[in-house]
Amino acid sequence: MKRCELWFWQQDEVLIMVRDITDRKQAEEALRIAEENYRSIFENALEGIFQSSPKGKFINANPALARIYGYDSPEELMASITNISEQLYVDPEKRTEFRYLLSQQNSVKNFEYRCYCKDRSIIWIQIDARVVNDNNGNVLYYEGIVQDITERKRKEEELKRQLEELQIEIDHKKRQQEVANLTESSYFQEVQQEISNVNLDDFWS
């Protein structure tokens, strides 16, 4: 259905102007729907989504990000964390590395680091992020997606420990087999026989 704007002007005469604004209204409706869809994804995503300043302050955060870090709401998270490098990163040099990578390639993928939660417990984080610049190339903010990979890292460490124990066991069995092979060799038997024939009293005298 077409939508129109009507303009009336009257003094000595009447002027009527009719303009078809159907396309504009459709564009406005499409924009509204897109914004609602984005907001729904932002609010309901399982991954943490954020925007932060280069100086280390959150500009925007979704509920999942707050939960990952142990906060009750995005508002509490953003009010509490005023310096990401000092308050979140267990190893501050990882923040320096993160910013360096962004400055060199404008994005990072699968970047892992340890961070503190609200209760000071430590978790492992994986982050994908990119730089958002203005028209002059100046950095406006970073934005990205955060995942808690603590359980995955725990399983990796457990598997590593099991593999190390298995390797120790394999090495031990290998040494046992090598000893068995040596003691069963004809050379070892000959040496053992020669030793048994030696009179130790005569040897030491």
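This text walks through a predicted model, starting at a hairpin and ending on a long helix's surface patch.

Let us begin with strand 3 and strand 4. Strand 3 covers residues 48-52 and strand 4 covers residues 58-61; the two run antiparallel and are joined by three bridges. If you would like a landmark for the pairing, look at Q51, which stands opposite N60 in strand 4. Together strand 3 and strand 4 make a hairpin, with five residues between them. Within that turn, have a look at G56, whose phi is positive at about 100°.

From the hairpin we can move to the interior space. The model holds one cavity of 30 Å³ or more, and the largest cavity contains about 90 Å³ of space. Strand 3 returns here: along with helix 5 (92-105), strand 3 is one of the elements that give two or more residues to the lining of the largest cavity. The lining comprises 13 residues, and those nearest the centre of the cavity are F50, F58, R95, Y113 and I127.

While you are looking at helix 5, find L102, which is placed in that helix. Is L102 buried or exposed? L102 counts as buried because its relative accessibility is 1%, and the cut-off for buried is under 20%. Now trace from L102 to Y142: the two are 40 residues apart in sequence, yet their C-alpha atoms are 8.7 Å apart in space.

The charged side chains come next. Side chains of opposite charge can pair when their charged atoms come close. Across the whole structure, a search finds 11 salt bridges. One of them is formed by the side chains of E112 and K153, with 3.1 Å from N to O. E112 belongs to strand 5 (residues 107-116) and K153 to helix 6, so this pair ties together parts that are 41 residues apart in sequence. The two partners fall into separate accessibility classes: E112 counts as partly exposed at 23% relative accessibility, whereas K153 is buried, with a relative accessible area of 16%.

Helix 6, which spans residues 150-184, also has salt bridges along its own length. R152 pairs with E156, and their closest N and O atoms are 3.2 Å apart. Why are R152 and E156 separated by about one helical turn? The reason is that they are four residues apart in helix 6. R152 counts as partly exposed at 34% relative accessibility, and E156 likewise counts as partly exposed, at 36%.

A little further along comes the pair E158 and R161, whose closest N and O atoms are 2.4 Å apart. These two are three residues apart in helix 6, so about one helical turn separates them. Their relative accessibilities are 28% for E158 and 35% for R161, so E158 counts as partly exposed and R161 does too. Salt bridges that share partners also build a network, and that one network joins E112, R152, K153 and E156.

We finish with nonpolar side chains. L159 lies in helix 6, and L159 is partly exposed because its relative accessible area is 46%. On the surface, L159 forms a nonpolar patch with L163, L166 and I170. Together the four have about 360 Å² of accessible area.

Key: Residues numbered from 1 in each chain as written. Predicted model: local features only at pLDDT ≥ 70, side-chain atom pairs only at ≥ 80, totals over all residues. Heavy atoms only, no water. Patch = residues over 30% accessible without salt bridge, like charges linked within 9 Å, V, L, I, M, F, W, Y side chains within 5 Å. Areas by Shrake-Rupley, 256 points an atom, 1.4 Å probe, with all protein chains shown as cover. Buried < 20%, exposed > 50% of the residue type's maximum accessible area, 1.4 Å probe, protein only. Pairing = 2+ DSSP bridges. 1 Å grid on protein atoms, 1.4 Å probe; cavity = no way out; pocket = protein on both sides within 12 Å on 5 of 7 lines; lining within 4 Å. Points joined across faces, edges and corners; volume = space filled by probe spheres on them.
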